[in-house]
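Biologist: Could you take me through a single part of this model, the surface that the protein turns towards the DNA, and set it in the context of what lies around it? I would like one connected account rather than a list.

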There are 2 protein chains.
Amino acid sequence: MKIDPNSTADLSAQIAKAIRDAIVAGELIVDDRLPSEAELAEQFEVSRATVREALKRLAAQSLIRTQRGAFGGAFVNRLSFEEAYGQQITTSTLLLSMNAVSFEVACEARYAMERACAPMAAERRSADHLATMRAEIHRQGQPGLTDEAFCASDVAFHRALVDAAGNPVLSYQLAGAVEAMQPLMNMITFTARSRETIVQLHQRIADALEARAEDLADQALQDLADYTRELGRGVAAARAARNG
Amino acid sequence: MKIDPNSTADLSAQIAKAIRDAIVAGELIVDDRLPSEAELAEQFEVSRATVREALKRLAAQSLIRTQRGAFGGAFVNRLSFEEAYGQQITTSTLLLSMNAVSFEVACEARYAMERACAPMAAERRSADHLATMRAEIHRQGQPGLTDEAFCASDVAFHRALVDAAGNPVLSYQLAGAVEAMQPLMNMITFTARSRETIVQLHQRIADALEARAEDLADQALQDLADYTRELGRGVAAARAARNG
DNA sequence: CAATTTTCATTTGTCAGACATTTAAATGTC
DNA sequence: GACATTTAAATGTCTGACAAATGAAAATTG
């Protein structure tokens with residue numbers, strides 16, 4: 001682990017990069033202990049404060065965890081799917097909110113990936129997955145549900161659908177797409193009629209998965225995608241009319 | 001922006017969370033300047049060192065950027081697709097390498113998503129995308145290419161395919177899946193014959209996109225997925241034989 | 001001897017204060 | 001007006017200190 005003496009970047013950034021590279025390259029493996037802050041400071045010839053800033057950068061990416069006390073220190077962290085989900089969701093949400101990504105584009109991406117899950121979900125869905133989906137469908141039919149609660153339930157429904165595909169890598173990748181869409185979906189006012197339509201489509205999806213009918217599931221998802229896009233266009237048109 | 005006095009987490013983590021929440025909630029928008037480190041230290045009633053550790057955490061997630069000098073400071077960063085790609089790739093790569101994700105599962109996820117791109121790519125691919133793909137195909141046919149260079153070219157080919165779908169969100173989501181697979185792919189020794197097969201399949205994909213034939217593209221991708229999985233199984237079997 | 005308590009060294013977490021460096025605005029000079 | 005200089009404000013880095021946690025080892029106790 002060496003830092004480039006010609007770099008213009010902050011020392012803490014350089015040190016973080018050096019350690020990160022060592023982890024990615026496999027020189028440091030899960031649960032390995034890094035040298036203590038004092039030792040790292042000596043190795044890199046910087047102060048302990050600078051080392052600490054570097055370590056905090058790595059901690060922010062869940063690459064290391066720290067433990068206080070004797071025999072404590074910084075350890076290479078096993079990045080769990082759970083943590084990776086979280087980071088992916090934060091990143092995706094910010095990406096969408098900061099880059100004026102259109103509802104249309106986000107929708108397309110999300111449903112394209114979800115449809116890719118459908119065949120696997122039809123094949124592998126467990127009774128548990130179906131039960132979760134049915135429960136969310138039921139909730140979505142309750143009157144008096146706020147739009148936000150409706151959207152949250154929608155996210156839960158779709159996560160169950162994705163998880164039903166039984167591929168954790170796919171679940172991880174899709175977590176971002178599905179959850180990051182929620183703020184955009186929250187901007188839509190769901191009328192009683194549009195909710196009814198969505199619930200019916202969810203019902204079709206659940207029925208298709210229960211019957212292990214991948215083609216029906218795909219068709220229902222496509223219809224849902226079309227309908228969601230239509231709702232989005234409606235909102236955009238209403239806003240345009242208000243503003244001009 | 002307040003921190004929870006009952007939390008047991010590090011102060012720097014709490015402060016980072018408070019600022020991150022403010023950004024996600026939209027209280028701080030792109031290019032807003034945060035208070036100076038000295039001011040933040042006063043607000044949160046901590047030392048400047050602690051504030052700096054918090055800011056480094058946020059910088060590691062590309063949420064802020066800092067600028068030295070008068071009228072410098074920490075600014076809310078517009079998370080670009082580029083930066084998000086990078087983070088996604090790092091995270092995905094580590095996730096796969098640290099969690100013993102099987103080649104099979106990673107492959108399945110990757111090709112499922114790639115196939116979801118095929119119809120859009122067939123419809124929207126530009127001459128540029130095609131040219132990139134053709135160039136990579138040509139490179140892959142060169143004799144004397146190392147396995148790593150072959151894999152790198154493979155990644156470039158598939159990225160062009162994904163980008164051809166013309167949906168940046170999809171490109172971002174897939175960047176992780178495609179790039180993170182590379183270390184796993186690098187473990188495969190590509191014989192002259194397997195390379196030839198792969199190049200032919202790439203050719204079929206490029207031809208299909210050129211002809212805007214989404215069904216042919218999908219079929220070719222499925223064949224490539226099957227073949228890749230087969231190669232993976234071959235490697236796994238060889239390793240099992242060596243170790244047993 | 002075994003179980004429990006105490007001590008202790010190590011390590012991270014936090015603080016205070018200092019100085020170096022960078023930067024752009026403000027000021028001075030021709 | 002154009003250019004050089006000064007200056008104030010901010011981040012980057014260093015030093016030294018103390019607090020708090022923690023597990024191992026030593027001391028104590030039954």
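**The surface facing the DNA**

Modeller: A backbone N or O atom of L11(B) lies 2.6 Å from a phosphate oxygen of DNA strand C, and that contact is a convenient place to begin, with the caution that this is a predicted model. A phosphate oxygen of DNA strand C is also approached by T50(B), this time through a polar side-chain atom at 2.7 Å. R68(B) reaches another kind of atom, since one of its polar side-chain atoms lies 3.1 Å from a base oxygen of DNA strand C. The elements that contribute two or more residues to the surface near DNA strand C are α3 and β1 (64–67) of chain A, together with α1 and α3 of chain B. Among these, α3(A) gives the most, with three residues.

Taken as a whole, the surroundings of DNA strand C comprise 24 residues, of which the closest are R48(A), A70(A), L11(B), T50(B) and G69(B). Of the atoms of DNA strand C that come within 4 Å of the protein, 70% belong to sugar and phosphate. By residue type, the surface near DNA strand C divides into five nonpolar, nine polar and ten charged residues.

Turning to DNA strand D, we find 25 residues around it, and those that come nearest are L11(A), S47(A), T50(A), R48(B) and R52(B). Sugar and phosphate make up 67% of the atoms of DNA strand D that come within 4 Å of the protein. For T50(A), an N or O atom of the side chain is 2.8 Å from a phosphate oxygen of DNA strand D. R68(A) places a polar side-chain atom 3.1 Å from a sugar or linking oxygen of DNA strand D, while R48(A) has a polar side-chain atom 3.5 Å from a base nitrogen of DNA strand D. The elements giving two or more residues to the surface near DNA strand D are α1 (11–24) and α3 (48–60) of chain A, along with α3 and β1 (64–67) of chain B. Here α3(B) gives the most, again with three residues, and the surface near DNA strand D is made up of five nonpolar, ten polar and ten charged residues.

The strand β1 that appears in both of these surfaces belongs to a hairpin in each chain, and the hairpins deserve a closer look. In chain B, β1(B) pairs with strand β2 (residues 73–76) in the antiparallel sense over four bridges, and I64(B) stands opposite V76(B) in β2(B). Five residues lie between β1(B) and β2(B) in this hairpin, and in the turn G69(B) has a positive phi of about 90°; G69(B) is also one of the closest residues to DNA strand C. In chain A, β1(A) and strand β2 (residues 73–76) likewise pair in the antiparallel sense over four bridges, with Q67(A) having G73(A) in β2(A) as its bridge partner. The hairpin of β1(A) and β2(A) has five residues between the strands, and G69(A) takes a positive phi near 90°.

Since residues of both chains surround each DNA strand, the way in which the chains meet belongs to the same picture. In this model 48 residues of chain B are in contact with 48 residues of chain A, and the two chains bury about 4200 Å² between them, 66% of it on carbon and sulfur atoms. Across this interface there are 19 residue pairs in polar contact. The elements that give two or more residues to the side of chain B that touches chain A are α1 (11–24), α3 (48–60), α4 (81–98), α5 (103–124) and α8 (168–186) of chain B. The largest share comes from α4(B), with eleven residues, and the residues on this side of chain B divide into 26 nonpolar, 13 polar and nine charged.

Side chains of opposite charge can pair when their charged atoms come close. Between chain B and chain A the count is four salt bridges, and E53(B) and R52(A) meet in a salt bridge at 2.7 Å, N to O. Over all chains the structure holds 35 salt bridges, including one at 3.7 Å, N to O, between the side chains of R110(B) and D154(B). This pair links distant parts of the chain, with R110(B) in helix α5 of chain B and D154(B) in helix α7 (residues 147–164) of chain B, 44 residues apart.

Terms used. Residues numbered from 1 in each chain as written. Chains lettered and ligands numbered in written order. Predicted model: local features only at pLDDT ≥ 70, side-chain atom pairs only at ≥ 80, totals over all residues. Heavy atoms only, no water. Contact = heavy atoms within 4.5 Å. Buried area = accessible area lost by both parts, 1.4 Å probe. Polar contact = N/O pair within 3.5 Å; in protein donor to acceptor, adjacent residues only side chain to side chain. Nonpolar A, V, L, I, M, F, W, Y, C, P; charged D, E, K, R; others polar. Near = heavy atom within 4 Å. Pairing = 2+ DSSP bridges.
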